[in-house]
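Subject: Structure handover

Hello,

Here is the structure for you to look through. My notes on what was found follow below it.

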Amino acid sequence: MIKLTFDAPLMSFGGPAVDQVGNTFHFPPRSMLTGLFGAAIGYDRSEHEKLQALQKAFSYGVREDRQGHLIEDFQTVDLETPWMTGYWKNGQYVSGKEARGRYDSSSANRETLHKQYVADAVYTVVVSISDEVPIGGEVPTGDEEKLLDALRAPKWPVYVGRKACGTGYLRPEQADYPDLKTALQKIQLHDAADMEGPYRIWTEGHGRAVAGLRDWETRIHAGEQWIEEDTVDVT
């Protein structure tokens, strides 16, 4: 089991976008962690099969040591910029302009997007690599040590969501607990944690479905994961 600390000033957890508003979850979904792990290992965006396998290859839990608050900013984007707003379909790139059906004027190529962030929060994340699903070569099945090494010295820059959200040091450590919920209850709180519990936790279970998966070939969110929200008193 691997223990990580998310305590960046700003974090964004990739909730479903509605019109021009990019929402955020209050916890990291599976797709966000997959992107972070893939960057640490050194996967290129084009290696979508490895990223797809990686997305299935771990289980995880999250504890909210300090509750943050939502803030929102905006950005003006060029709908023809490939890495910002488009997606891949059947091997062909579809620009944001084409996806929105805008062809009339140059002014229609730009759009104002609103982005939500979680500010001033602290999370403890525990991750366990599956013994059944291979990750694509660089991290063999069941080998958490190599992922731990990658998180200690990432090959590419890693972010807590968007590129505006640098992680700082993730404090990756090996942790030995019988299960994820026990780890979230027993691991020491962050020094900046809220003084009073109980503390919210999220684990994968049968609570509610969220749009937390990504199709790494098309680079769009596709698929649901089941999340169970609970609380723990940290001992």
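Helices and strands here are DSSP runs, numbered from the N terminus; a helix has at least four residues and a strand at least two. With those names, R171 can be placed in the loop between α5 and β11 (173-174). Please keep in mind that this is a predicted model.

Backbone

The phi angle of R171 is near 50°, which is a positive value in a residue other than glycine. R171 is partly exposed, with a relative accessibility of 33%. D120 has a positive phi as well, near 65°, and is likewise a residue other than glycine. You will find D120 in the loop that runs between β9 (110-119) and β10 (122-129). Its relative accessibility is 42%, so D120 counts as partly exposed.

One peptide bond should also be noted. From G197 to P198 the bond is cis, with omega near 0°. P198 sits in the loop between α6 and β12.

Helix packing

Two packed helices are described by the angle between their axes and the distance between the axes. How do α1 and α5 pack? Helix α1 covers residues 30-41 and helix α5 covers residues 144-152; the angle between them is about 80°, and their axes are 8 Å apart. Angles of 65 to 115 degrees count as roughly perpendicular, and α1 and α5 are therefore roughly perpendicular to each other.

Which residues make the contact between α1 and α5? From α1 they are L36, F37, A40 and I41, and from α5 they are L147, A150 and L151. Sorted by kind, the residues of this contact are seven nonpolar, no polar and no charged.

Salt bridges

The structure has nine salt bridges. Three of them are described here, beginning with E47 and K50.

In the salt bridge of E47 with K50, the closest N and O atoms are 3.1 Å apart. E47 is partly exposed, at a relative accessible area of 26%. K50 is partly exposed too, at 23%.

R200 and E64 form a salt bridge through their side chains, with 3.0 Å from N to O. This pair links distant parts of the chain, since R200 belongs to strand β12 (residues 199-210) and E64 to strand β5 (residues 58-66), 136 residues apart. Is E64 buried or exposed? Buried means under 20% relative accessible area; E64 has 6% and is therefore buried. R200, at 23%, is partly exposed.

K181 and E228 also meet in a salt bridge between side chains, at 3.4 Å from N to O. Here too the pair links distant parts of the chain: K181 is in helix α6 (residues 180-186), E228 is in strand β15 (residues 225-232), and they are 47 residues apart. K181 has a relative accessible area of 35% and is partly exposed, and E228 is partly exposed at 29%.

Finally, some salt bridges share partners: E64, R200 and E229 are joined in this way into one network.

Regards

Notes
Residues are numbered from 1 along each chain as its sequence is written. This is a predicted model: local features need pLDDT of at least 70, side-chain atom pairs count only at pLDDT 80 or more; totals for chains, interfaces and linings use all residues. Side-chain values use heavy atoms; hydrogens and water are left out. Axes are lines fitted to C-alpha atoms, for helices over the stretch in contact, and angles run from 0 to 180 degrees between N-to-C directions. Angles under 35 degrees count as roughly parallel, over 145 as roughly antiparallel, 65 to 115 as roughly perpendicular and the rest as oblique. Contact means heavy atoms within 4.5 Å. Ala, Val, Leu, Ile, Met, Phe, Trp, Tyr, Cys and Pro count as nonpolar, Asp, Glu, Lys and Arg as charged, and the others, Gly among them, as polar. A salt bridge is a side-chain nitrogen of Lys or Arg within 4 Å of a carboxyl oxygen of Asp or Glu. Buried means under 20% relative accessible area, exposed over 50%, partly exposed in between (1.4 Å probe, protein chains only).
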